[in-house]
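Morning, everyone. Let's take a quick look at one structure together. Here it is on the screen.

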Amino acid sequence: TMFNKCAGVSRFVYNWGLATKISEYQLTGTSSGDFELSKKITQMKKTEEYKCLKDVSKCIPQFA
């Protein structure tokens, strides 16, 4: 069960980060780096919508 949670969070964060970088690049010609994306993920953890990010080790979304 924990492996499935970790894999799901990793997949979600990777896809979210990729979509974020693509949309930023299309709008501005530049995109966020790893540090900026990590800060955004930390903020997402504090919302009710993304509380599943807190169910796994903090390393899973950071390294995804």
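Start with a question: is K40 buried, partly exposed or exposed? K40 has a relative accessibility of 31%, so it counts as partly exposed. One caution before we go on: this is a predicted model.

Now, what does K40 do here? K40 forms a salt bridge with E24. The closest N and O atoms of that pair are 2.8 Å apart. In sequence, the partners are 16 residues apart. K40 sits in helix α2 and E24 in helix α1, so to speak of distant parts of the chain being linked is fair. And E24? Its relative accessibility is 18%, and buried means under 20%, so E24 counts as buried.

The whole structure has two salt bridges. The other pair is E48 with K51. Here the closest N and O atoms are 3.3 Å apart. E48 is exposed, at 60% relative accessible area. K51 is partly exposed, at 49%. The cut-off for exposed is over 50%, so K51 falls on the other side of it from E48.

Why look for such pairs at all? Side chains of opposite charge can pair when their charged atoms come close.

Next, the empty space. The largest pocket holds about 250 Å³. It is lined by 13 residues, and the closest to its centre are G17, D34, L37, Q62 and A64. Which helix gives the largest share of that lining? That is α1, with six residues. Helices α1, α2 and α3 each supply at least two. By type, the lining has eight nonpolar residues, three polar and two charged.

Terms used:
Residues are numbered from 1 along each chain as its sequence is written. This is a predicted model: local features need pLDDT of at least 70, side-chain atom pairs count only at pLDDT 80 or more; totals for chains, interfaces and linings use all residues. Side-chain values use heavy atoms; hydrogens and water are left out. On a 1 Å grid over the protein atoms alone, a cavity is a set of points where a 1.4 Å probe fits but cannot get out, and a pocket is an open set with protein on both sides within 12 Å along at least five of seven lines; lining residues have an atom within 4 Å of a point. Grid points are joined across faces, edges and corners, and a volume is the space filled by probe spheres set on the points. Helices (H or I, at least four residues) and strands (E, at least two) are DSSP runs, numbered from the N terminus. Ala, Val, Leu, Ile, Met, Phe, Trp, Tyr, Cys and Pro count as nonpolar, Asp, Glu, Lys and Arg as charged, and the others, Gly among them, as polar. A salt bridge is a side-chain nitrogen of Lys or Arg within 4 Å of a carboxyl oxygen of Asp or Glu. Buried means under 20% relative accessible area, exposed over 50%, partly exposed in between (1.4 Å probe, protein chains only).
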